[in-house]
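Visitor: I am new to this model and should be grateful for a guided reading of it. Where should one begin?

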Amino acid sequence: MTVVEEPTSAPEIGRDRRRKEDQRLITGRTKWTDNIVLPGMLHMAMVRSPFAHATITNIDLTDAKAAPNVVAVYSGADLDESAGVLINAWPITPDQVTPAHPPIPTDRVTFAGEIVAVIVARTAAEARDAAELVDVDYDELPAAVDLKEAAADKVLAHPDLGTNKSALWVFDSAAAGTGSDVEDAIAKARTDGVVVEREFRQQRLIPAFMEPRSVVVDPSGEQLTMWTASQVPHIVRFALAATTGVPESKIRVIAPDVGGGFGGKLQVTPEEWIAWWVARQVHRPVKYTETRSESLMAAHHGRDQWQKLTLSAEKDGTVTGFKVELTADLGSYISLVGGGVPVLGAFMFNSIYKFPAYHFACQTVLTNKAWTDAYRGAGRPEATFGIERMMDELAVETGIEPMELRQKNWITHDEFPFTTVAGLEYDSGNYEAATEEAMANFGYDELRAEQKQRRESGDTVQLGIGISTFTEMCGLAPSRVLGSLDYGAGGWEHASVRMMATGTVEVITGATAHGQGHATAFSQIVSDRLGVPFEDVQVLAGDTAISSKGMDTYGSRSLVVGGEALVKAVDKVIEKAKPVAAHLLEASIDDISFKGGTFSVAGTDQGMTIQEIALATFAAHNLPDGMEPSLDADATFDPVNFNYPHGTHLCAMEVDTETGQVTMRKYTCVDDIGTVINPLIVEGQVHGGLAQGIAQALFEEAVHDEAGTLVSGSFVDYLVPTAADLINFDVSHRSTPALTNTLGTKGVGEAGTIASTPAVVNAVIDAVRHLGVADIQMPCTPERVWKAIQSAGAGGAEPTTADAMPHFDPAEGAEQ
Amino acid sequence: MTKINLTVDGATVSDDVEPRMLLVQYLRESLGKTGTVIGCDTSNCGACTVHLNGRSVKSCNVLAVQADGAEVTTIEGLAQENGDLHQVQESFHQCHGLQCGFCTPGMIMQSVDLLNENPNPSEQEIRLGLEGNLCRCTGYQNIVKAVQHAASANASEGDAS
């Protein structure tokens, strides 16, 4: 027994701890999947279709099979049932049209880049050399490339399905009982109010994580092991068991260190399924690592919607209705959660505004392009863009200052909890306070004054100010809600806390980090709660043999759901230790209290540390009768609601009206993400999120030519921003704690991306609105900005030139 | 096959390589130096950056045979033999200049080269100097901070000596 000591160290929660993960990452000791070398391991290379849509009339593998050190070559025809299929875990309607998705097709390719054959050889180089010897005869078919044309069934992506229209998902506030009828609101506004009608393009993006995907399968041993650069090892294991005939208990999936995901590694992929099958054919370990070109082409893409938006309001700017009609591009297959991504945005178009009426309809459409799925924000950036652009448009139509217009319509801080017209209950927030702080930090009034001065003097460089006030729904997700949306799995998370005999702690989480710093943040949480030193907590994750249960990482859920599971497990450990403390301290359990890692007896200076209890439990020499000699505890937490971080983002853009060049002058944000565990990690997430949202506004687009070939197929053409393209961001935080979890956290991983895109685009348009520009389609390249100014009002909405080098045909004159 | 002899992270090595083998492939596959990674196939991303005879190069853009007779330093050779981290490594850690860590070896190697050439760079000079190294996680702000931190730490050390 020891004398109780007052805890002297500051709490871990809120502390800017440097990360535990860094040591191996900064010294080149990181464990990437591509590093793995196993005895007898073979390498795979893929043969991919150059055509977006074609019948495979013949595949000649003879020369490839005869190439040096080639062990096997397979085409679609060789695959049997044990190869399985790639599943869609979220059919958004019961009648969703869903193409079957084998890992390698047998008779028809449906997107440029689809795998048609796989080479297995002793070295990676030999596999790639042999891949070039595979002779494939294709009969080209017309390809469904343009989304609008595909939605009209002009050319069928899958002729056997009879249509490209996959599912129509609708939410109507009148029908749902959460509000009134939007058509009534619009009709009324046409005579008595204001109706704003716009069409926006959410361009197709590529997640472009820096680590190319890689998979290794070892078929030897009691369990078959797959290492994969994935965000979702637990989901991969489940899907392998469900589709390939291998029992789940015989499958081990490991995500070692993973180099970024952003939703792009939330998938079950043909490459993984092929490796799984091939390893069981050749009875040796196999590895496949994609090239960047393969990654940009075949790893799932993000966004890709046309948005038809109708907003009704009274003349004084009070909003009365919002009607959203989306057309969303699925690609040629429906991926793991692909069809559902637009649906995640369905509840967010009304945002932080008190709309009385709301209608959302999304038609998902099949095309002959790579499949689409989650990309940072997954449906919510699309929604926030839609509403924040419309609020600026409404401001112009009514002549009301854009921030005042927003303020007039948003939920005030004393109205929480607030149930929205989309049926969600926002627990807490303070839009007014975040905005006041952001405007002060930004220098809003001074920048407006400068804008006015530049306009009056006709400066060639104009200044625009863009606003984005937003909330998002994250902490995916309450399982009952997922069930009601026909999502195929739950949204709980699992944690396990193990007290070692010698005083340190092992924490197992079902979350799977790929850069987010879970090991550090979770150590901080456990350290505070259990009263053990930060350094004594070891967080383990990513391996299904160690972390037996989990729903992995996406949707800004790891802290709000995973962290809550952790807290519950820790609390269970403390509850298990209490009777041991009482027994060993010879006190009544009612007199035992726990603080700072020590159990003490009320009214005395007697106590025992949790480490001492752990050792005593391990020895089990003197435990209460009937007690199991273990303090270890598990918890599985299913959230009761989503979480609703919010923020105010302000962007100042300079536009050179002579060249169309845009320069970011300033970017300020104040985000309320509830309780902050580690401010360094939080800031880092915001910086990275902002960069991706800004990149959608200004730089990135996945471009296909008329034949369906991805022409932005390398980093030369797909413009991921560099350090020289961005500035320092002015990032601040507020904390209105969440009411739906113990720590009060709300999630931050996607917030930066969700908020920033409309802030930037609104700023660019604001800079040149007075010249007659009404809209500029993203990305706001200098060419589009310049054209918009020249043709003032035309919208700069021409499609991106699909040729890297535009062709010059003397007969036709200028570039086509 | 061509025989090459070079020094990598202080150790002399000798191998037969195909002329087409890239230096980054030689490092990863022949020498097992997996600290240096491949992030693209068009030499845009810089994740493969190492030092060749004291200057940064993208090792995907150098053939292994071109490194014959040269001295190569990778991320794995940056720290002291006793384990003390290079100032730039320490600064990246202090300033949270990394998240997933995939771009980090190349980013650190390029930052070291940048500071060797320009010991007191402005924010703009840092951003331009790192233009050839892509990062998808950090948005670059803390990377720039890390380089400034290292520059400043080097300067104080210089003053102290």
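## Charged pairs and the contact between chains

Visitor: What relative accessible area does D34(A) have?

Guide: D34(A) is partly exposed, the class between buried (under 20% relative accessible area) and exposed (over 50%), with a 1.4 Å probe and protein chains only. This is a predicted model: local features need pLDDT of at least 70, side-chain atom pairs count only at pLDDT 80 or more, and totals for chains, interfaces and linings use all residues; side-chain values use heavy atoms, with hydrogens and water left out. Residues are numbered from 1 along each chain as its sequence is written, while chains are lettered from A and ligands numbered from 1 in the order in which they are written. For D34(A), the relative accessible area is 24%.

Visitor: Which residue does D34(A) meet in a salt bridge, and where does that partner lie?

Guide: A salt bridge is a side-chain nitrogen of Lys or Arg within 4 Å of a carboxyl oxygen of Asp or Glu; here the N to O distance is 2.8 Å, between D34(A) and R28(B). The pair crosses between chains, starting from D34(A) in the loop between α1 (22-25) and β2 (42-48) of chain A; helices (H or I, at least four residues) and strands (E, at least two) are DSSP runs numbered from the N terminus. R28(B) counts as buried, at 9% relative accessibility. The partner is thus R28(B), in helix α1 (residues 23-30) of chain B.

Visitor: How many salt bridges are there between chain B and chain A?

Guide: One of the pairs between these chains joins R20(B) to D129(A), at 2.7 Å from N to O. Between chain B and chain A, the count of salt bridges is four.

Visitor: What is the area buried between chain B and chain A?

Guide: The size of an interface is often given as the accessible area lost when the parts come together. Buried area is that loss (1.4 Å probe), summed over both parts. In this contact (heavy atoms within 4.5 Å), chain A takes part with 53 residues and chain B with 42 residues. Carbon and sulfur atoms give 54% of the buried area, which is about 4100 Å².

Visitor: Which helix of chain B gives the most to the side that touches chain A?

Guide: Between the two chains, 25 residue pairs are in polar contact, both at pLDDT 80 or more. On the side of chain B that touches chain A, α2 (87-94), α3 (104-117), α4 (123-129) and α5 (141-160) of chain B each supply at least two residues. With four residues, the helix that gives the most is α2(B).

Visitor: How many residues apart are R448(A) and D766(A)?

Guide: R448(A) forms a salt bridge with D766(A), the closest N and O atoms being 3.2 Å apart. The pair links distant parts of the chain, with R448(A) in helix α14 (residues 444-457) of chain A and D766(A) in helix α20 (residues 751-768) of chain A. R448(A) is buried at 18% relative accessible area, and D766(A) is buried at 15%. Their separation is 318 residues.

Visitor: Which residue just after α7(A) takes a positive phi?

Guide: Helix α7(A) is mostly covered, nine of its twelve residues being buried. What covers these buried residues includes β11, β12 and α8 (270-282) of chain A. Just after the helix, a positive phi of about 80 degrees is taken by G245(A).

How values were computed
Buried area = accessible area lost by both parts, 1.4 Å probe. Polar contact = N/O pair within 3.5 Å; in protein donor to acceptor, adjacent residues only side chain to side chain.
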